[in-house]
Amino acid sequence: MRKFFLTALVIMMLIPLAGVFAGAAAEDGAVTIGANIYSFQDNFMNGVIKPELERYAEEIGVEIDIVDSEGQQAKLNDQVDVYITKGVDVLAINLVDPASAMTIIEKAKKAGIPLILFNKEATEAGAMAAYDKVWYVGTNSAESGIIQGEMMVADWKANPDWDKNGDGVVQYVLLKGEPGHPDAEARTIYSVKAFTDAGIAVDELALEADPNWSTTHGNDKMAAWLTASFGKDIELVICNNDGMAFGAINALKAANVKLPLYGVDALTQALQHIADGEMNGTVLNDGVNQARATLDLAKNAAMGKDVTAGTSWVLDTDGTKAVRVPYVAVTPDNYQDF
Ligand code: GAL
Ligand code: CA
């Protein structure tokens, strides 16, 4: 009889533990999220997304651990292994290399842990279909380029003096950010396409594609371009993010040159540059809502619920299993609203 009680006692003690190991701890609301940022050096990811992930995690009562992948995919792969060993309930991952999603998806799948990829979309065909518990939270990358392009076309038309050499052609330089990154690729195409769609010819004087969205990079490239043989011909500066735009503004100021200049992200500093007339526009990359959607989906997935249950997020129906937060144009007319 005593043996029976002891066995029963041991079983009773093990039941809740079994729940923990199966990730079912999430059922009582104690969700643990293993997250990363591809690089803490990135203005937007570190300045907008990370603080909101931390703040919103508290608001909705989930535990989140956020590590710095330092721009190294191999480091991120190891960090995911550590999270899996620790037994997190769900992974929220910001890829370093958008072409390496499959490695992470396979790890999550093998461990049976749901996975939310955020801000950097997987570029490998079939990656999202490879696991029923992987989702994406980000934007529609093309939309940022389209909005930026439309702003530039409207301003170009309204300012005939921007066509310095009067040839009717836009001589531009473009800071791309990161080759292979869906945002960088789409912004590069669609911002320029807005001109050609409007019947305005373009001439690309220079394009810089280094894998770095940074201010230092923007400064160095812009400074070099201004002293290049085509330096005096530049009529427009297109930046695929605000971080690089800030650097380009510094270089322009140092050279005492004023050129129309556009960014993407709508960081606080960009709003200030617009107020100061040093930037002509940017596009709100809504990191706050991307962070919230990431955590809402992560929490639901960890609790075994429909990922959008009880939220206003809507999943794409095209097989990408994505929540896409809209971009918004930010101009000298409306920047005060942001
Ligand atoms: C983009 C953002 C860039 C940079 C990049 C990193 O969405 O506009 O500033 O943060 O993500 O992947
Ligand atoms: Ca021209």
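This note comments on a calcium site, a surface patch and a sheet in a predicted model.

1. Basis. Because the model is predicted, local features need pLDDT of at least 70 and side-chain atom pairs count only at pLDDT 80 or more, while totals for chains, interfaces and linings use all residues. Residues are numbered from 1 along each chain as its sequence is written, and side-chain values use heavy atoms, without hydrogens and water.

2. Calcium site. The calcium ion (ligand 2) is coordinated at 2.2 to 2.5 Å by Asp-163 (OD), Asn-165 (OD1), Asp-167 (OD), Val-169 (O), Gln-171 (OE1) and, through two OE entries, Glu-235. Donors are N, O and S atoms within 2.8 Å of the metal (3.2 Å for Na, K and Ca); water is not among the atoms, so sites may look incomplete.

3. Donors along the chain. The donor spacing is D-x1-N-x1-D-x1-V-x1-Q-x63-E. Asn-165, between helix 5 (141-158) and strand 6 (169-175), and Glu-235, between helix 7 (215-227) and strand 8 (236-239), lie in loops and are 70 residues apart. Helices (H or I, at least four residues) and strands (E, at least two) are DSSP runs, numbered from the N terminus.

4. Exposure. Glu-235 is buried, at 1% relative accessible area, whereas Asn-165 is partly exposed, at 48%. Buried means under 20%, exposed over 50%, and partly exposed in between (1.4 Å probe, protein chains only). Tyr-190 in helix 6 (residues 182-197) is also partly exposed, at 31%.

5. Sheet. Six strands form an open sheet in the order 2-1-3-4-5-11, with parallel pairing. Its edge strands, 2 (63-68) and 11 (322-324), each pair on one side only. Two strands pair if DSSP finds at least two bridges between them; strand 5 (residues 134-138) and strand 11 have three.

Key. Chains lettered and ligands numbered in written order.
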